[in-house]
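I'm opening a fresh page for this one. The plan is to look up charge pairs, then the cores, then a few single residues.

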Amino acid sequence: MDAWGNFWQKSHSTTFAEYYPDGYTSGYIADWWSQILQSKKTPLLDVLEVGCGNASLLPRMLDLKISGTYTGVDAAPVELSAAAVKRNNSQIQASLVGGVRIEAFESQQKFDIVASVYGIEYSPLEQSLPVVKALLSEQGTLHLLIHHSGSVITAMSAKAMGEFDFALMEQVITDLQVIDTLLVKYKGEISKLEKSAKAQAAREKINQFISSVMNVEPSQRNPILLDFANAVLLYFKKLRLTRLERKTYIESILIDFHASKERFRQMVNVARDDRSIGDVEALLKQSGFTNISVSVLTNQGEPVAWNIQANS
């Protein structure tokens, strides 16, 4: 399953789309990235983002009127987000390379900055770090934010993994398919669907599920099942679409939630603790990086990432 391809094809600007829908143009990542860009005293910058998604770091570069080039590389198929497109200007030549893992990426260009926000740690670092080192210019710098095992991001991801109830979700999808099959039988006539005892029985079971998820205290709600309930309700706004469009939508629901759980699993698995971040530092040294700095980046007093910087 291409869990991240599933996510980026929905045109999200960042990994945390709910919090940063406009690219990393605000918040702690925007502050981190702005400081890096503004520390460079050259009029032109060539930047490579590793694990770029839909060009997550590009919008902030455009806001800051940075000149030069931006290249994004991601193992999943990606495209420029709306946040990047709406800011597009002639100062930066931007290009994305999707479907290519960083350890297999080749370029004749040398980069002043290689940056990655919760991305490079998904790669085999013993292979990807030497590639990145070779791509840096003589005075180039490496800047990484890597998942921290003690961060709220990791804690929330671990919690979310326990909130998926696929047995229950599959039952609800089966009820949706019953309704849709009847709608096909009635040649799209919704009035006949509304008079069908079988359709109404399936609808009642769906309503019971929706009620069980939504009619509880906010603090007791299951966020994953709440999102699933909203996806199910959206089907009923699609009743006038074609048979194929409805079928495609129904089939996409569980695919999206399986992909979501896989992304949470991966985020937890790549998070580094105090011991394993030392392994990353050792690999950086082996790859030839110098002046390596490893620190904890915090937001509102809580750890959110390992902040790694190194020179070419």
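I started with charges and searched the whole structure, which turned up 11 salt bridges. Note to self: this is a predicted model.

The pair I looked at next was Asp256 and Lys10, whose closest N and O atoms are 3.1 Å apart. They sit 246 residues apart, with Asp256 in helix 11 and Lys10 in the loop between helix 1 and helix 2, so I noted it as a link between distant parts of the chain. I checked exposure too: Asp256 is partly exposed at 22% relative accessibility, and Lys10 is partly exposed at 37%.

Then I went to Arg246 and Asp180, which meet in a salt bridge at 2.5 Å, N to O. Arg246 is in helix 11 and Asp180 in helix 7, so this pair ties together parts 66 residues apart in sequence. Buried or exposed, these two? Both are buried.

Lys247 pairs with Glu251, at 2.7 Å between the closest N and O atoms. Both lie in helix 11, four residues apart, about one turn of the helix. I also jotted down a network of salt bridges linking Asp22, Asp63, Lys86 and Arg87.

Next I wanted a charged residue without a partner, and found Arg272. It is in the loop between helix 11 (243-270) and helix 12 (276-286). Arg272 is buried yet has no salt bridge. Why not? The nearest side chain of opposite charge, Asp279, is 4.9 Å away, and a salt bridge needs the nitrogen within 4 Å of the oxygen. Beyond its sequence neighbours, Arg272 has contacts including His147, His148, Asp279 and Trp306.

On to the cores. How many residues are in the largest nonpolar core? I got 71, and those with the most contacts inside it include Trp33, Tyr118, Phe228 and Phe257. Helix 7 (residues 166-185) gives the largest share, eight residues. Another core lies apart from it, with 25 residues, among them Leu135 and Ile308. I followed Phe228 and saw that it touches Met169, Phe209 and Phe257, among others.

Leu45 was my next stop, in strand 1 (residues 45-50). Leu45 counts as buried, at 3% relative accessibility. Among the residues Leu45 touches are Leu37, Ile66 and Ile113. I also checked Leu45 against Gln177: their C-alpha atoms are 53 Å apart.

Last, the surface. Tyr19, Val152 and Met156 form a nonpolar patch there, with about 310 Å² of accessible area together. Tyr19 lies in the loop between helix 1 (3-8) and helix 2 (27-39). Its relative accessible area is 52%, so I marked Tyr19 as exposed.

Note on methods: Residues numbered from 1 in each chain as written. Predicted model: local features only at pLDDT ≥ 70, side-chain atom pairs only at ≥ 80, totals over all residues. Heavy atoms only, no water. Patch = residues over 30% accessible without salt bridge, like charges linked within 9 Å, V, L, I, M, F, W, Y side chains within 5 Å. Areas by Shrake-Rupley, 256 points an atom, 1.4 Å probe, with all protein chains shown as cover. Helix = DSSP H or I, 4+ residues; strand = E, 2+ residues; numbered from the N terminus. Buried < 20%, exposed > 50% of the residue type's maximum accessible area, 1.4 Å probe, protein only. Lys, Arg positive; Asp, Glu negative; His and termini not counted. Contact = heavy atoms within 4.5 Å. Core = buried A, V, L, I, M, F, W, Y, C linked by side-chain atoms within 4.5 Å. Lists of a residue's contacts leave out its neighbours within four places in sequence.
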